[in-house]
Amino acid sequence: MKGKFFVSFLIGLIIFSSAYMWVWSKIGGGFSEVQAIEEQQGIEQVDNIEEGNEVKQVNIDEIFFLLVGVDTTDVKNIKTSASGQTGIRSDTMILCRVNFNDGSIKMMSLPRDSRVPVKGALDKLNHSHSYGGMNLLMKTVRDFTNLDVDYYVRVDYKAVEKLVDAIGGVEVDIKQRMYKKDTTAGKGYLIDFQPGVQKLSGDQAILFLRYRDYKDGDVDRTKVQQYFLTEMIKQTLEPRNILKLPKILDVYANYVDTNMDPAMIYSAVASAGKLNKENIETTTLPGEFLELYVNDVKVSYWKVYEKSSRQEFERLFEPYLMD
């Protein structure tokens, strides 16, 4: 369940990060809980992603980066194995291209179960973060997409509730009755929404995004998530939210980290007002779910359609395609 909660929240965070990261740069940058865990476990932070690659901004009028959501809810049980694995998997990964010239935002979700080469063997994409942190995840994404993505913004799952609360909630129009009760010990929850317009708090937003009992299953759920992220972006762009800066900064400092250069961030902030909240395109890496046996164990994967994916990469991110 946990991975898909991020989608709506994280896209809204792009906007907030663009508008408010200058404050972060003034105080020397945040040090997220994920970074603290990695430092304790001896995992290196992102420097150069791979040999021969130059980390640089290709176009001064836009930023292209990988937005990553991770879950450190059970921090006490996060330990590095003998092979260097932390168990912190990237539950959400979104390629983002934000252009300050035409105001457009283009995003492609990379399903966490995508079956791609990881350290020389086919594996789930989200395992790469567990095996080697952001360095390995970024290298894995670069290799299978053939896109020159150098930058990332990583967000801890805990931030979803806190950021929604920081902006005073997100108003949505719920189209159907939503009710679901889970009594699992230690993980129970109750989803109980009536149809109609209402403002969701942070914890309510999580429950709203968690709901999955729709007529057309995940197809409808994706539409609801897209609707939520659109409303999130529109509402985060409202001028009144400048007054929420202290709370937003607190969430950012504790739950977000990035390898973007402060000078690059500041330049982007100067053009943030050009972003068009109506010029947002979201899509998903082309593919389908399939089940196969690995070591006699049935595993569900996202089978990537290579030809369609290449076409989408070219359409959305053409300037970043590598030879």
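User: What phi does Asn146 take, and where does this residue lie relative to α3?

Analyst: In this predicted model, Asn146 comes just after α3 and takes a positive phi of about 60°.

User: What makes α3 a kinked helix, and where is the kink centred?

Analyst: The bend is the angle between axes fitted to the seven residues ending at a position and the seven starting there, and in α3 there is a kink of about 135°, centred on Gly133. The span can be set beside this: a straight helix of 19 residues would cover 27 Å, whereas α3, residues 127-145, spans only 17 Å between its end C-alpha atoms. As for its surroundings, 15 of the 19 residues of α3 are buried.

User: Why is the pair of Phe208 and Phe228 called tilted?

Analyst: Ring centres must lie within 6.5 Å to pair, and planes neither under 30 degrees nor over 60 apart count as tilted; the centres of Phe208 and Phe228 are 5.9 Å apart and their planes stand at 45°, so this pair is tilted. Phe208 belongs to helix α5 and Phe228 to helix α6, so the pair ties together parts that are 20 residues apart in sequence.

User: How do you know whether Phe208 and Phe228 are buried or exposed?

Analyst: Buried means under 20% relative accessible area; Phe208 has 2%, so Phe208 is buried, and Phe228, at 0%, counts as buried too.

User: What makes Arg115 count as lying over the ring of Tyr301?

Analyst: The distance limit is 6 Å from the ring centre, along with an angle limit of 35 degrees from the ring normal; Arg115 is at 5.1 Å and lies over the face of Tyr301, and Lys124 lies over the face of Tyr301 at 5.6 Å.

Conventions:
Residues numbered from 1 in each chain as written. Predicted model: local features only at pLDDT ≥ 70, side-chain atom pairs only at ≥ 80, totals over all residues. Heavy atoms only, no water. Helix = DSSP H or I, 4+ residues; strand = E, 2+ residues; numbered from the N terminus. Expected span 1.5 Å × (residues − 1). Buried < 20%, exposed > 50% of the residue type's maximum accessible area, 1.4 Å probe, protein only. Phe/Tyr/Trp six-rings, centres within 6.5 Å; stacked < 30°, edge-to-face > 60°.
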